[in-house]
Amino acid sequence: MNNNEEKISSIGRSLLNRRGFMKNAGFSTGALGLAQLLSKDGLFGSDDPTNFTGKSPIRPNLDPDNPYTPRDPHFETEANQVLIIFCPGAVSHVDTFDYKPDLTKYHGQKPPGMPAVTFEGPSGNIAKPFWDFKPRGKSGKMISELVPHLGALADDFCFVHSLHTQTSAHPQGENFLNTGFTMEGFPSFGSWATYALGSENEELPAFVAINDPRGPARSGKNNFGNGFLPAAFQGTDFNAKNPPANLARPASYTSADDRSTVSLLQRLNGFHLEKYPGDADLAARIASYELAGKMQTSIPEVMDISNEPVSIKKEYGLESGTDLKKEYAKNCILARRLLEKGVRVVQLFNGSDPSGGNGITNWDSHSNIDKTHAMQAEIMDQPTAALISDMKRRGLLKNTLVVWCTEFGRMPFLQGNGTGRDHNPDAFTCFFAGAGVKKGYSYGESDNFGFKSVKGRSSVYDFNATILHLMGLDHERLSYYHNGLERRLTNVHGHVIKQVLA
Amino acid sequence: MTFKKFANLLCLVIFIQDFSFANVNFEDDILPLFEDYCIDCHGPDKQKSGFRVDRRVHLLKGGDSGLPAVIPMNPGKSYMIEVIKSDDPEIGMPPKGGKLFDDEVELLEQWIAKGAVWPGQMEDKIEEGTDHWAFQSVERPAIPQKSDNPIDAFLNRRLEEEGIPVNKKTDPLSLIRRASMVLTGLPPQPSRVADFLVDYKENSEQAYTVLVDELLASPHFGERWAQHWLDVIRWAETNGSESNLYRKLAWVYRDYVIRVFNQDVPYDEFIRQQLAGDGMGVGEALGFLVAGPHVPAATVGQEPSAIRQARADRMDEIMQTVGASMLGVTMSCARCHNHKFDPISIQDYYSMTAVFQDIEFGSRFPEFSEEHPRKTKANEIWKDIARNRSKIRKKTTTWEEDWGGYKEVHWKPLEVVGLRLNFWSGYVGLDEVEIFGLPAENINLANASNGTKVKTDFAFAQQGDRFPVTRVIDGKYGTQRWQASYIKEKKQNPWLEFTFEKPVKVGRLRMSSNREYYFETDYLEQKNKFNFDKFLVNVKLVDGSWEEIASIQKIRDFMKREKSAGDAVGEINHLAYKLSEEGPRPSFVGNFIQPKITHVLHRGSPENPRDIVPPAAPKILSGDLGVDNTASGRARRAEFAEWMVGKKNPLTARVMANRIWQHVFGAGLVVTGGDFGRAGAPPSHPELLDWIATEFSNPSRPEGTPWSMKELIRIFVTSDAFQRSNQPSDIGLEKDATSSLLWRFPPRRVEAEVIRDGILLASGKLNRKMGGRSYRIHNIKKTYAQWEVLNNFGPETWRRMIYQERMRRVDDQIFTAFDFPDCGQVRAKRPVSTTPLQALNLMNSDFVVDQAKHLATRAMNESNANLKASVIRVFELIFSRKPMKEELNASLQIAKDRGLEIVCRALINSNEYAFLP
């Protein structure tokens, strides 16, 4: 299929342009959003369709022809795009951003009042950070030598040190952070955001998931799936190396074959549409082929980073370090290019499932953390920092929220093996940057050992509520009717962490 | 009684005495506390957490937590006392303004201890009940007017009231396509269309009746309708979660559901079988209960609280399945607190979990009746195995068989008191050794419970007592096994010695390294391996002497020499595989555990168990099952099944009749088919819903079969409503935009399966083989890796899509985009979306490119290679009709310029193909 001039028959075009007609004729559609239909036709229960917290849902006004048309947020906000950098495997907060001098003081001692058995088994002694911490920027924020490039940007970041989660298992942790539920099958954050807001760029997918060069994370597609939301809002996964499946014209066809297919298809659909004047579902499907044709041009264009200046490639780390770092750096450049084009949600993964073994494919450093975390940081630090600085230079941070996150933290003490840190669901650190958040600010605290979040304790629900809020969405009112419930990203929980708002 | 105990008792008496003298006055002491601390949030104006303190009955009932706030005479168990004492900011009350003073708390405690006297309200009771329509019993409504089909009478009355004229009958071509796709998921074959058009002209009614009969009798009917049921319960062949492991032979449940629909097993029986089929000879039907995802124990971690939480999560998956599919109630809401919308309490939730306490996610040998198709098949295979064994016996008495998961050694039975295994390999790993003999062939004489002892040299142990030898006779398969290796000092390979309690006759030995792995999962790179090779079997005779009865080396040498015996062994090994595909073998349809006593878990937390509850269905629907916590798991489930299909439960018939309606007409009379509660939609035609529900469960037709799904479907598809044209009309659209009143047959895009299966049917490549192992599209993977689609278009995939292996949350890279569920959450209704990715998949995927070619080849072959005729043929194969003149001209031109397959590709992508006519 190709993006050629003569796309849609005249009757198709007139129907695609028939918003006015719909209003006048009271026409509706069966295609999108059961909830929308229900509310329109008064099919909801006699009670108001209120959700658990008693607030009435705000239903996005979906255009039946095109589910991606941009929609207004619930309230005005700076951020209209979001970049989520997700580091699967659990980054050790006490070795990166959460400075705990007591770990050095009590190094080698038995942890007082901490559990004898954690996720993987018996616990060992307290271990000081494996990397030195230094004050950074004007704020003097203490950040370790593991992530010096990110450290240099400390004045742009807004840390949350008091996060805690519900599980110490990775897949459930990934699910919880990305979908608000530890169980599977719930819509991901990106899916919710595009359901609510549509997209600014119809020629690219509204929500792109850039998987790590090593493959998808443990929860796979669940991290960017649409759950029970319409498939229109699933994340489309591709990265700098692999385009989306079935994007390219099949090798056995010529471009003339494609043009012929499309022109015959238009005629057949045109004849068919004459029998069903005004059918929005049919018109929407015709339009989707037009969009698909545009994507065949626009996605390869955005993936092609060959024309990026050498300085940029160098800054992102494309010219030094390991191959994995270079691959990830390309993904970072792709992320920026997608955001520049107006893609609503970009989710960038730094780590994959653990099929390669302990700490080799992601941040899950149960053993030899000094080496395995160092290996992950080498890949993540410079390219990620370059991406954020580059976005800042280009003014992208004015309207884009950046979220750096991981599913939980790691323990202040070592495991029985004496070389790695086990999972810590009770304290971990994530940070924000860009639109709508404070700069050079840290919120919340974990205890002296980084074992438990104590001050400004914030749940993953709070974290997600805050991201939605920054996108101009009320997490209590953004809901979708599914199987008896007004479902939300934050279930029945969550408070916006107001302290981080600029 | 010792003096000390006596003294304690005395104190207690005095203490109680002391209370009785305390003078707590409700109006002066207690009411002001409620007014000061509670009433703003828990009074007539606001009832936070569903709780109010303004009447005594409300205190006795409590709020959403499900715990009584006040239990007269028992302040210790009264939740109100717990929350006012609690320091937990999430629980503690009041939430602001500081805690109650100690003397105030004491006053409340004393008041409760004295019986919580509230003058004038002591006799008040709360009427437990609901006026919600769905919980009221189903009454058969009168049919409004004369009509051939009662559902038309109900529908037409409403349309008349609304002033919407009904559409005329659709054309016969659309009718046969519509009926075929709705009933079998496949478009009709061109020859059948031609016959139908002729018959229809002659006698339309008869032609249609014959067609409907034929479609309902087609084996493809079950394949189509089983999928609807599998959607609701999110059935898949993997666990989900981190490693997303394959569930071996889980598909026996899928085949069972197809059989149920094809044989028209009545719905009440379908329910009984899925809840308690282990007692009915259809054990695989319990696959229903474990259809949802689960987190396997191995990935939960070592923390005991995490292990308890994981079990509670698995129970909740069962609750979701039962709730959404059979009850149409969202049970899960009541896991942490009373249901916000429906009269389901937290006690109801945990009582219902008590029904399923014996179920765990895993594999077992399904219980099959003698008539069960897999049992009959197995009997044939067993006969073959026996035949081959007697062939071997003609040559020798000892031989070795490979059963995939374990190895079996046979010899001539003899009486022994001990048995010894000497391994030839330096490393041995065994999860179980079983020894069989006489009198009963299936009693494992080696099992420790039969008094057998096992010993070995401790020096073989690899890591101290980490892999104890007793594991080989503990009756448990899996990673909990014995591991041993060569002793350097003694130059000795591992050995095992069994001592029987008394002399026994033994003749067969069965050994495995990890049988659980073999039984429970598949398609992993780490293939099932035997961590042992050759060995000797010696037995200790009753007189104390030792005798060698089998040597694997000698057996193998012998089999090489004696070809007929060797071939027979090979045949048995093959039959063992065949048995696992076609007979009763351990299948992922759930296994049984000892049911634990069920507690209400306060706020849903397994760390906070409260009152014990008996197995029961929801109280509001008279859910007392007459069983308690001593009842067997099966008895609990069987009683629950009887309640489910019984008269006390009005939901079952309504929910299923509505679901069948939904799949015929596109939307249910209750559009929220998985939720009949207050948060769901009310029925668009309440009387019609009740009429179809009663006609379903208790037919008025003299020849009717209660709960027959096919008969209900027949009523629906023979209605005028089903046969109406789907043409839009101005007045119809204005008054009923979604066509939910059925003035026309509502158009809808067909499901992923219909698109895919129809392409295969048109190209002539559809392999109609039913059932069995799913066709593979994914790789063989590492345990913790993701499944990857390897080949989703090759010849081995040319079966109906219901047989495509279903890995949870994996995108098949073509049809998942068409709203095919990811099997993570229950799905009463698929959403329908239209996306550019669908277009890309249908234009460019290998599957479509390949099938377009096959379709073109078929059309050419069937038209004597005449291009014009072959274009016409493509239209017949894809659209069931001939092209119009303009269509023919346009298509022919492109066929000439670019080839016929380009025409095929365009037709496959067309709207006409993707929509139900």
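**Helix packing and chain contact in a predicted model**

Visitor: Which exposed residues lie on the face of helix 15 of chain B turned away from its buried side?

Guide: In this predicted model, helix 15 of chain B has a buried side, and the face turned away from that side carries exposed residues. These are Asn379(B), Lys383(B), Ala386(B) and Ser390(B).

Visitor: Over what arc around the axis do the buried residues of helix 15 of chain B spread?

Guide: The buried residues of this helix, which runs over residues 373-393, are Arg374(B), Asn388(B) and Ile392(B). Among the elements that cover them are strand 2 (399-402) and helix 18 (563-582) of chain B. They sit on the same side of helix 15 of chain B because they cover an arc of only 55°.

Visitor: How are helix 6 of chain B and helix 21 of chain B oriented, roughly parallel or roughly antiparallel?

Guide: The axes of helix 6 (residues 150-162) and helix 21 (residues 686-697) of chain B are 9 Å apart, and the helices pack at an angle of about 170°. Since angles over 145 degrees count as roughly antiparallel, that angle makes helix 6 of chain B, relative to helix 21 of chain B, roughly antiparallel.

Visitor: Which helix gives the largest share of the side of chain A that touches chain B?

Guide: The contact takes 83 residues from chain A and 85 residues from chain B. Elements giving two or more residues to the side of chain A include helix 3 (34-40), helix 8 (255-275) and helix 9 (280-303) of chain A. The largest share, 11 residues, comes from helix 8 of chain A.

How values were computed: Residues are numbered from 1 along each chain as its sequence is written. Chains are lettered from A and ligands numbered from 1 in the order in which they are written. This is a predicted model: local features need pLDDT of at least 70, side-chain atom pairs count only at pLDDT 80 or more; totals for chains, interfaces and linings use all residues. Axes are lines fitted to C-alpha atoms, for helices over the stretch in contact, and angles run from 0 to 180 degrees between N-to-C directions. Helices (H or I, at least four residues) and strands (E, at least two) are DSSP runs, numbered from the N terminus. Angles under 35 degrees count as roughly parallel, over 145 as roughly antiparallel, 65 to 115 as roughly perpendicular and the rest as oblique. The expected span of a helix is 1.5 Å times one less than its number of residues. A residue is buried if 20 or more other C-beta atoms lie within 10 Å of its own, exposed if 12 or fewer, and partly exposed in between; C-beta atoms are placed from the backbone. The arc is that of the directions from the helix axis to the C-beta atoms. Two residues are in contact if their C-beta atoms, placed from the backbone, lie within 7 Å.
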